[in-house]
Amino acid sequence: MSFQSALDVAVPALAAMKSRRKKPSASARSLERLAAARPPAARPSAAAAPSVVAEDPLPPAVDPSSIASLYDLRTAALACRRCPRLACSRTNVVFGVGNPRAELMFVGEAPGADEDEQGEPFVGRAGQLLTKIIAAMGLSRDDVYIGNVLKCRPDMPEGSTGNRKPRAEEMATCLPWLVRQIELIGPKCLVALGATALEGLTGSVEPMGKVRGRWLDFRGTPLMVTYHPAYLLRNQSISEKRKVWEDMLLVMEKLAMPVTERQRQFFTSASQQ
Ligand code: SF4
(Lines give C-alpha, C1' and ligand atoms only; values in the text may rest on other atoms or scores of the structure.)
Protein backbone atom coordinates (compact mmCIF):
# COMPACT_ATOMS: atom_id res chain seq x y z
CA MET A 1 0.00 0.00 0.00
CA SER A 2 1.33 3.38 -0.98
CA PHE A 3 1.66 6.17 1.57
CA GLN A 4 -1.22 8.06 -0.06
CA SER A 5 -3.46 4.96 0.00
CA ALA A 6 -2.67 4.49 3.69
CA LEU A 7 -3.67 8.12 4.40
CA ASP A 8 -6.93 7.68 2.47
CA VAL A 9 -7.90 4.83 4.80
CA ALA A 10 -6.55 6.22 8.09
CA VAL A 11 -7.91 9.81 8.00
CA PRO A 12 -11.68 8.94 7.70
CA ALA A 13 -11.23 6.21 10.35
CA LEU A 14 -9.67 8.69 12.81
CA ALA A 15 -12.42 11.26 12.11
CA ALA A 16 -15.11 8.63 12.82
CA MET A 17 -13.43 7.65 16.10
CA LYS A 18 -13.23 11.32 17.18
CA SER A 19 -16.93 11.95 16.51
CA ARG A 20 -17.89 8.86 18.55
CA ARG A 21 -15.85 10.03 21.59
CA LYS A 22 -18.22 10.77 24.52
CA LYS A 23 -18.67 14.46 25.28
CA PRO A 24 -17.98 15.39 28.93
CA SER A 25 -21.24 15.86 30.90
CA ALA A 26 -21.82 17.15 34.42
CA SER A 27 -23.61 14.79 36.79
CA ALA A 28 -26.36 16.16 39.05
CA ARG A 29 -24.07 15.63 42.02
CA SER A 30 -21.20 17.57 40.50
CA LEU A 31 -23.58 20.43 39.65
CA GLU A 32 -24.75 20.50 43.29
CA ARG A 33 -21.13 20.67 44.45
CA LEU A 34 -20.48 23.50 42.03
CA ALA A 35 -23.51 25.42 43.27
CA ALA A 36 -22.49 24.87 46.90
CA ALA A 37 -18.99 26.18 46.20
CA ARG A 38 -20.29 29.27 44.42
CA PRO A 39 -20.47 32.36 46.66
CA PRO A 40 -24.08 33.27 47.59
CA ALA A 41 -25.80 35.66 45.26
CA ALA A 42 -25.47 39.25 46.39
CA ARG A 43 -28.61 40.39 48.26
CA PRO A 44 -29.30 43.84 49.64
CA SER A 45 -27.95 44.13 53.13
CA ALA A 46 -28.66 46.81 55.72
CA ALA A 47 -24.93 47.40 56.22
CA ALA A 48 -24.28 47.97 52.52
CA ALA A 49 -27.18 50.37 52.04
CA PRO A 50 -26.58 54.07 52.49
CA SER A 51 -27.89 55.53 55.72
CA VAL A 52 -30.19 58.12 54.18
CA VAL A 53 -30.89 59.55 50.76
CA ALA A 54 -30.74 63.14 51.82
CA GLU A 55 -30.60 64.40 48.25
CA ASP A 56 -33.51 62.25 47.15
CA PRO A 57 -36.70 64.26 47.62
CA LEU A 58 -39.87 62.39 48.41
CA PRO A 59 -41.82 61.66 45.23
CA PRO A 60 -44.87 63.94 45.02
CA ALA A 61 -47.23 60.99 45.60
CA VAL A 62 -45.81 60.46 49.09
CA ASP A 63 -44.94 64.04 49.99
CA PRO A 64 -46.26 64.16 53.57
CA SER A 65 -47.30 67.80 53.29
CA SER A 66 -49.73 66.91 50.49
CA ILE A 67 -51.51 64.13 52.38
CA ALA A 68 -54.86 65.14 53.80
CA SER A 69 -55.74 62.38 56.28
CA LEU A 70 -53.90 60.62 59.06
CA TYR A 71 -54.92 57.26 57.60
CA ASP A 72 -53.39 58.07 54.19
CA LEU A 73 -50.31 59.52 55.86
CA ARG A 74 -49.83 56.27 57.79
CA THR A 75 -50.30 54.18 54.65
CA ALA A 76 -47.66 56.22 52.83
CA ALA A 77 -45.23 56.17 55.77
CA LEU A 78 -45.48 52.38 56.06
CA ALA A 79 -44.05 52.13 52.53
CA CYS A 80 -41.32 54.74 53.08
CA ARG A 81 -37.76 53.76 52.12
CA ARG A 82 -36.03 57.15 52.36
CA CYS A 83 -33.44 55.61 54.69
CA PRO A 84 -32.47 52.48 52.73
CA ARG A 85 -30.47 51.00 55.60
CA LEU A 86 -33.27 51.37 58.14
CA ALA A 87 -35.82 50.19 55.58
CA CYS A 88 -33.75 46.98 55.14
CA SER A 89 -33.26 46.34 58.85
CA ARG A 90 -36.68 47.30 60.27
CA THR A 91 -39.46 44.84 61.07
CA ASN A 92 -42.16 47.51 61.12
CA VAL A 93 -42.50 51.21 60.48
CA VAL A 94 -43.69 52.51 63.85
CA PHE A 95 -46.04 55.30 62.81
CA GLY A 96 -47.76 56.17 66.10
CA VAL A 97 -50.85 55.32 68.14
CA GLY A 98 -53.65 56.99 70.00
CA ASN A 99 -56.47 59.45 69.56
CA PRO A 100 -56.28 61.10 66.11
CA ARG A 101 -57.87 64.19 67.72
CA ALA A 102 -55.71 64.16 70.85
CA GLU A 103 -55.06 67.43 72.67
CA LEU A 104 -51.81 66.02 74.04
CA MET A 105 -49.11 64.33 71.98
CA PHE A 106 -45.96 62.67 73.31
CA VAL A 107 -42.95 62.44 71.02
CA GLY A 108 -40.06 60.08 71.66
CA GLU A 109 -36.86 59.63 69.69
CA ALA A 110 -37.16 56.29 67.85
CA PRO A 111 -38.54 52.75 68.15
CA GLY A 112 -36.52 50.23 70.14
CA ALA A 113 -36.47 46.47 69.65
CA ASP A 114 -39.89 45.89 71.28
CA GLU A 115 -41.50 48.69 69.32
CA ASP A 116 -39.96 47.51 66.05
CA GLU A 117 -41.30 44.02 66.74
CA GLN A 118 -44.83 45.14 67.62
CA GLY A 119 -45.13 48.19 65.34
CA GLU A 120 -46.24 50.39 68.26
CA PRO A 121 -44.29 53.11 70.08
CA PHE A 122 -43.48 52.89 73.80
CA VAL A 123 -44.44 49.28 74.52
CA GLY A 124 -41.28 48.18 76.38
CA ARG A 125 -40.45 48.93 80.03
CA ALA A 126 -40.06 52.64 79.35
CA GLY A 127 -43.40 52.57 77.55
CA GLN A 128 -45.08 50.95 80.54
CA LEU A 129 -43.75 53.75 82.73
CA LEU A 130 -45.07 56.34 80.26
CA THR A 131 -48.48 54.63 80.47
CA LYS A 132 -48.34 55.05 84.29
CA ILE A 133 -47.44 58.75 83.95
CA ILE A 134 -50.38 59.24 81.58
CA ALA A 135 -52.66 57.41 84.05
CA ALA A 136 -51.43 59.62 86.91
CA MET A 137 -52.59 62.60 84.83
CA GLY A 138 -56.07 61.05 84.75
CA LEU A 139 -55.79 59.98 81.10
CA SER A 140 -55.26 56.77 79.16
CA ARG A 141 -53.12 55.96 76.13
CA ASP A 142 -56.30 56.15 74.05
CA ASP A 143 -56.82 59.79 75.06
CA VAL A 144 -53.39 60.97 73.90
CA TYR A 145 -51.26 60.38 70.81
CA ILE A 146 -47.80 58.83 71.02
CA GLY A 147 -45.22 58.95 68.23
CA ASN A 148 -41.52 59.22 67.55
CA VAL A 149 -39.29 61.56 65.56
CA LEU A 150 -37.80 58.56 63.73
CA LYS A 151 -40.30 55.95 62.57
CA CYS A 152 -37.90 53.06 61.92
CA ARG A 153 -35.63 51.45 64.49
CA PRO A 154 -32.02 52.59 64.14
CA ASP A 155 -30.13 49.60 62.73
CA MET A 156 -27.68 47.73 64.94
CA PRO A 157 -24.55 45.75 64.02
CA GLU A 158 -25.31 42.08 63.25
CA GLY A 159 -25.70 40.03 66.42
CA SER A 160 -25.71 42.98 68.83
CA THR A 161 -28.58 43.82 71.13
CA GLY A 162 -29.85 47.09 72.56
CA ASN A 163 -30.69 50.29 70.78
CA ARG A 164 -28.65 53.14 69.41
CA LYS A 165 -29.36 56.85 69.34
CA PRO A 166 -30.77 58.01 66.00
CA ARG A 167 -28.41 60.12 63.91
CA ALA A 168 -29.27 63.76 63.27
CA GLU A 169 -29.54 63.15 59.52
CA GLU A 170 -31.88 60.19 60.05
CA MET A 171 -34.19 62.30 62.23
CA ALA A 172 -34.09 65.18 59.73
CA THR A 173 -35.01 62.79 56.91
CA CYS A 174 -38.00 61.43 58.83
CA LEU A 175 -39.19 64.71 60.36
CA PRO A 176 -41.60 65.63 57.49
CA TRP A 177 -43.76 62.61 58.44
CA LEU A 178 -44.01 63.81 62.04
CA VAL A 179 -44.62 67.43 61.07
CA ARG A 180 -47.59 66.41 58.93
CA GLN A 181 -48.77 64.00 61.64
CA ILE A 182 -48.82 66.87 64.16
CA GLU A 183 -50.60 69.16 61.66
CA LEU A 184 -53.33 66.55 61.07
CA ILE A 185 -53.81 65.66 64.75
CA GLY A 186 -53.63 69.28 65.89
CA PRO A 187 -52.68 68.73 69.57
CA LYS A 188 -52.86 71.68 71.95
CA CYS A 189 -49.44 70.80 73.26
CA LEU A 190 -46.52 68.48 72.65
CA VAL A 191 -44.27 66.73 75.14
CA ALA A 192 -40.81 65.76 73.89
CA LEU A 193 -39.48 62.80 75.85
CA GLY A 194 -35.74 63.24 76.27
CA ALA A 195 -32.97 65.35 74.80
CA THR A 196 -32.76 63.34 71.56
CA ALA A 197 -36.45 63.91 70.80
CA LEU A 198 -35.90 67.64 71.41
CA GLU A 199 -32.88 67.58 69.09
CA GLY A 200 -34.89 65.80 66.39
CA LEU A 201 -37.75 68.29 66.67
CA THR A 202 -35.84 71.56 66.99
CA GLY A 203 -32.15 70.86 66.39
CA SER A 204 -31.43 72.08 69.95
CA VAL A 205 -28.73 70.16 71.82
CA GLU A 206 -29.21 71.98 75.12
CA PRO A 207 -28.92 69.77 78.19
CA MET A 208 -32.17 68.57 79.75
CA GLY A 209 -31.46 70.40 82.99
CA LYS A 210 -31.70 73.69 81.08
CA VAL A 211 -34.68 73.08 78.82
CA ARG A 212 -37.13 71.04 80.88
CA GLY A 213 -39.84 72.72 82.91
CA ARG A 214 -40.51 75.64 80.55
CA TRP A 215 -42.56 76.08 77.43
CA LEU A 216 -40.87 76.05 74.05
CA ASP A 217 -42.52 76.30 70.64
CA PHE A 218 -42.64 73.81 67.79
CA ARG A 219 -44.05 75.41 64.66
CA GLY A 220 -46.80 77.14 66.61
CA THR A 221 -47.57 74.34 69.09
CA PRO A 222 -46.45 74.71 72.73
CA LEU A 223 -43.71 72.19 73.48
CA MET A 224 -42.70 70.85 76.89
CA VAL A 225 -39.52 68.82 77.23
CA THR A 226 -39.08 66.33 80.01
CA TYR A 227 -36.91 63.33 80.83
CA HIS A 228 -37.38 60.14 78.82
CA PRO A 229 -39.06 57.40 80.92
CA ALA A 230 -35.96 55.23 80.30
CA TYR A 231 -33.98 57.84 82.30
CA LEU A 232 -36.36 57.39 85.22
CA LEU A 233 -35.87 53.61 85.03
CA ARG A 234 -32.13 54.16 85.38
CA ASN A 235 -32.49 56.87 88.03
CA GLN A 236 -35.22 55.95 90.49
CA SER A 237 -34.74 58.89 92.86
CA ILE A 238 -37.89 60.68 94.04
CA SER A 239 -36.39 64.05 93.06
CA GLU A 240 -36.06 63.04 89.38
CA LYS A 241 -39.58 61.58 89.34
CA ARG A 242 -40.84 64.84 90.86
CA LYS A 243 -39.17 66.87 88.06
CA VAL A 244 -41.03 64.87 85.41
CA TRP A 245 -44.23 65.17 87.39
CA GLU A 246 -43.86 68.95 87.71
CA ASP A 247 -43.51 69.10 83.91
CA MET A 248 -46.74 67.09 83.60
CA LEU A 249 -48.51 69.44 86.03
CA LEU A 250 -47.58 72.32 83.70
CA VAL A 251 -48.99 70.32 80.79
CA MET A 252 -52.24 69.67 82.69
CA GLU A 253 -52.57 73.37 83.46
CA LYS A 254 -51.94 74.26 79.81
CA LEU A 255 -54.72 71.87 78.81
CA ALA A 256 -57.03 73.30 81.52
CA MET A 257 -57.31 69.85 83.08
CA PRO A 258 -58.50 69.60 86.69
CA VAL A 259 -55.61 68.97 89.10
CA THR A 260 -56.42 67.54 92.53
CA GLU A 261 -54.46 68.39 95.66
CA ARG A 262 -53.32 64.77 95.81
CA GLN A 263 -51.95 65.02 92.26
CA ARG A 264 -50.09 68.21 93.17
CA GLN A 265 -48.35 66.37 95.98
CA PHE A 266 -47.13 63.34 93.98
CA PHE A 267 -43.43 62.64 94.65
CA THR A 268 -43.12 65.26 97.38
CA SER A 269 -42.15 64.63 100.99
CA ALA A 270 -45.84 65.13 101.89
CA SER A 271 -46.88 62.25 99.65
CA GLN A 272 -44.26 59.95 101.19
CA GLN A 273 -45.73 60.23 104.71
S1 SF4 B 1 -36.94 56.38 59.32
FE2 SF4 B 1 -38.62 57.61 58.44
S3 SF4 B 1 -37.80 58.49 56.55
FE4 SF4 B 1 -36.45 56.78 57.15
S5 SF4 B 1 -37.28 55.00 56.05
FE6 SF4 B 1 -38.23 55.00 58.08
S7 SF4 B 1 -40.17 56.13 57.78
FE8 SF4 B 1 -38.86 56.58 56.01
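Start by selecting helix α8, residues 195–202, and then show what covers its buried residues: β2, α7, β4 (189–193), α9 (208–211), β5 (215–218) and β6 (221–226) are included. Here a residue is buried if 20 or more other C-beta atoms lie within 10 Å of its own, exposed if 12 or fewer, and partly exposed in between, with C-beta atoms placed from the backbone. Helices (H or I, at least four residues) and strands (E, at least two) are DSSP runs, numbered from the N terminus.

This is a predicted model, in which local features need pLDDT of at least 70 and side-chain atom pairs count only at pLDDT 80 or more, while totals for chains, interfaces and linings use all residues. Residues are numbered from 1 along each chain as its sequence is written.

Stay on α8 and colour A195, T196, A197, L198, G200 and L201, which are its buried residues. Because 6 of its 8 residues are buried, α8 is largely enclosed by the rest of the structure. Step on to G203, which follows α8 and has a positive phi, near 85 degrees.

Now zoom out to the whole protein chain. There are 13 helices and 6 strands to find. Of the 273 residues, 30% are buried. Two residues are in contact if their C-beta atoms, placed from the backbone, lie within 7 Å. Among contacts between residues at least 6 apart in sequence, 74% join residues at least 24 apart.

Next, select L104, in strand β2 (residues 104–108). Is L104 buried or exposed? L104 counts as buried because it has 26 C-beta neighbours inside 10 Å. Leaving aside neighbours within four places in sequence, L104 is in contact with V144, P187, C189, V191, V251 and L255. Draw a distance from the C-alpha of L104 to that of I185: the two residues are 81 apart along the chain, and these atoms are separated by 9.5 Å.

From L104, move to V191. With neighbours within four places in sequence again left aside, V191 is in contact with L104, F106, M224, T226 and V251.

V191 also leads into the largest nonpolar core, which has 50 residues; M105, F106, V107, V149, V191 and A192 touch the most other members. A nonpolar core is a set of buried Ala, Val, Leu, Ile, Met, Phe, Trp, Tyr and Cys residues joined through C-beta atoms within 7 Å. The largest share of this core, 6 residues, comes from α7. In soluble globular proteins, nonpolar side chains tend to be buried together.

Turn to helix α6, residues 125–136. Its buried residues are A126, G127, L130, I133 and I134. Look down the axis of α6: the buried residues fall within an arc of 110 degrees (taken from the directions from the helix axis to the C-beta atoms), so they line one face of the helix. The face turned away carries the exposed residues Q128, K132 and A135. Among the elements covering the buried residues of α6 are β2, α10 (229–234) and α11 (238–254). Just after α6, G138 takes a positive phi of about 90 degrees.

Finish at the ligand. Which residues come nearest? Of the 14 residues around the ligand (C-beta atom, placed from the backbone, within 6 Å of it), C80, R82, C83, C152 and C174 come nearest. Select α4 (84–89) and α7 (168–185), since each supplies at least two residues of this shell. The largest share, 3 residues, comes from α7.

Methods. Expected span 1.5 Å × (residues − 1).
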